[in-house]
Amino acid sequence: MKNEDKNKFSECLSPMQLVELDACTRCGECLKYCPVQDVTGNPSISPPEKIRIFREFIKATEGLKARLFGPGELDRRLLEDFTKAVYECTTCGACGQNCTVGIFTQRMWPMMRKEMVRRGLGPIGVQTKAPGVIADKGNPYDKPASERFAPWFPEWVSVADEAEVAYYAGCTGCYSAQPMVRGDVLVLHAMGDPFTMLSAEEEVCCGFPLFIAGQHDMLEDLVRRLVEGYKAKGVKTLVCSCPCCVNIMSRDWPVFYGRELPFRIRHITQQVVESLERGKLQVKRAFDERVIYHDPCYLSRGVGVIEEPRKVLRSIPGIEVLEFDRHGSNSKCCGAGGAARKVYQENAVAMGRMTIDEAVQKGADRLILSCPACYAQVNEAMEEHDKKIVITDIMELFASLLEDKNGDR
Ligand code: SF4
Ligand code: SF4
């Protein structure tokens, strides 16, 4: 980067994002959809306000006056307040989904965070430790690799050394949502085709927690290690159930890898739907419950996987699938997203409780999730909450219905 570019706030944004920044009319439509606004009422995190302040930063450092007389001094307090606002957002993207001029905010906010990291202002709280912890342990939870698969992996399931299909379990699933990853593996096993995995030491973080917090330095290395690992095993399809992993793998891995990936990325529900349609999987047991499915922001809005989870659920005899008022591409964040959960814990719990309350109010017997972060967050939100509902991961449920009463598949 040239010296004069170092002070540029526009450095982190693509030309398209600069156009988007200019396009905000401050109409306020997005405010109706922001879950953080719902629970805090704090206008400083609102999309038009973040956009307005960032435009001010650009103007002060790159506008005509700055070019003629040199960049103006930026108010330190304003920079710090903006940093706090951009990290309090869950990056759920609901504002962008409902933006009257189509600003892709789910991508805009992480790039603004990247700029604040470059200036030494971000990230906030525990997230500052993430690069060091990931470099040391391979995951952001500071857990040993020896505990990555050991406590939950079904010992009777065999993993091939090489195969066309590979499964990436992901850090959050392995350490915080084990019924989910166990369900994934049981379902993959039931499909009957061999699948492979990297070892617990090789399966490092996908990079999402760093990407979303604006800490991009290690990403190229992590992505290259993972992609080369799967390539060496002859993988043609990489299956994953975590929406954040699937999102970064599909959208950003090719960028950090520097070229097209040598395999395709599939969410596990896409793989299951294909197997159901080919008759390779069969649900053996009925399930007479009313369930409600919560779309994870990075799966529905992020990569458009909306119909497949519903097809999986509707393949179960006896089930009734209810919908949240806001669902599909307009789903409402449960509070787990954007690396904000551990820093703004009260907000996250309040958002999680709104998800629980609506599920209960709709008369659901069970809340079905398909994201390890949602799983951990909504469970946390239910602690000491006056409303309760059974929470189950979609593959945890599906796997349990693939065996008949005698345990035969
Ligand atoms: S991304 Fe979500 S949390 Fe962030 S400002 Fe938009 S609606 Fe609010
Ligand atoms: S809906 Fe779009 S244009 Fe309107 S205030 Fe929000 S970000 Fe700006």
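In the predicted model, Ala-166 stands opposite Thr-196 of strand β2. This pair belongs to the contact between β1 and β2, which run parallel and are joined over two bridges. On the β3 side, strand β1 (residues 165-168) pairs with strand β3 (residues 237-240), again in the parallel sense, over four bridges. Within that pairing, Val-165 has Thr-237 as its bridge partner in β3, and Tyr-168 stands opposite Cys-240 of β3. The strands β2-β1-β3-β4, in that order, make up an open sheet of four strands with parallel pairing. The edges are occupied by β2 (195-196) and β4 (264-267); each has a single partner strand, so one side of each is left without a neighbour in the sheet.

The domain assignment divides the protein into domain 1 (3-122), domain 2 (126-275) and domain 3 (283-400). Between the C-alpha centres of domain 2 and domain 3 the distance is 22 Å. Their contact involves 29 residues from domain 2 and 26 residues from domain 3. On the side of domain 2 that touches domain 3, at least two residues each are supplied by α9, α10 (178-191), α11 (208-213), α13 (243-251) and α15 (268-277). Helix α10 contributes the most to this side, with six residues. By class, the residues on this side of domain 2 are 16 nonpolar, twelve polar and one charged.

Gly-173 is located in helix α9 (residues 171-176). With 29 other C-beta atoms within 10 Å, Gly-173 is buried, because the threshold for a buried residue is 20 or more. Apart from neighbours within four places in sequence, the contacts of Gly-173 are Met-180, Val-181, Ser-241, Cys-242 and Pro-372. The C-alpha atom of Gly-173 is also 7.9 Å from that of Ala-373, although the two residues are 200 positions apart along the chain.

The largest nonpolar core contains 116 residues, among which Cys-245 and Val-378 touch the most other members. Helix α19 (residues 372-382) provides the largest share of this core, seven residues. When residues up to four places away in sequence are left out, Cys-245 touches Tyr-168, Gly-170, Cys-206, Phe-208 and Cys-240. Two of these contacts, Tyr-168 and Cys-240, are the residues that stand opposite each other in the pairing with β3. In soluble globular proteins, nonpolar side chains tend to be buried together.

Two ligands were examined through the residues around them. Ligand 1 is surrounded by 16 residues, of which Cys-34, Cys-89, Cys-92, Ala-94 and Cys-95 come nearest. The elements giving two or more residues to this shell are α2 (35-40), α6 (94-97) and α7 (105-118). Twelve residues of the shell around ligand 1 are nonpolar and four are polar, and none is charged. Around ligand 2 there are 14 residues, and the closest are Cys-24, Cys-27, Cys-30, Pro-48 and Cys-99. The shell around ligand 2 is made up of nine nonpolar, three polar and two charged residues.

Several backbone features fall in loops. Gly-122 and Pro-123 are joined by a cis peptide bond, with omega about -10 degrees. Pro-123 lies in the loop between α7 and α8. In the loop between α8 and β1, Asp-142 has a phi near 60 degrees, which is a positive value in a residue other than glycine. Asp-142 is partly exposed, with 14 other C-beta atoms within 10 Å. Glu-384 likewise has a positive phi, about 60 degrees, and is not a glycine. Glu-384 is placed in the loop between α19 and β8 (390-393). With 7 C-beta neighbours inside 10 Å, Glu-384 counts as exposed, because a residue with 12 or fewer falls in that class.

Glu-147 is found in the loop between α8 (130-137) and β1. This residue, Glu-147, has 14 C-beta neighbours inside 10 Å and therefore counts as partly exposed. The C-alpha atoms of Glu-147 and Tyr-175 are 7.9 Å apart in space, with their positions 28 residues apart in sequence.

Methods
Residues are numbered from 1 along each chain as its sequence is written. Chains are lettered from A and ligands numbered from 1 in the order in which they are written. This is a predicted model: local features need pLDDT of at least 70, side-chain atom pairs count only at pLDDT 80 or more; totals for chains, interfaces and linings use all residues. A residue is near a molecule or strand if its C-beta atom, placed from the backbone, lies within 6 Å of it. Ala, Val, Leu, Ile, Met, Phe, Trp, Tyr, Cys and Pro count as nonpolar, Asp, Glu, Lys and Arg as charged, and the others, Gly among them, as polar. Two residues are in contact if their C-beta atoms, placed from the backbone, lie within 7 Å. A nonpolar core is a set of buried Ala, Val, Leu, Ile, Met, Phe, Trp, Tyr and Cys residues joined through C-beta atoms within 7 Å. Domain bounds come from an automatic or database domain assignment. Two strands pair if DSSP finds at least two bridges between them.
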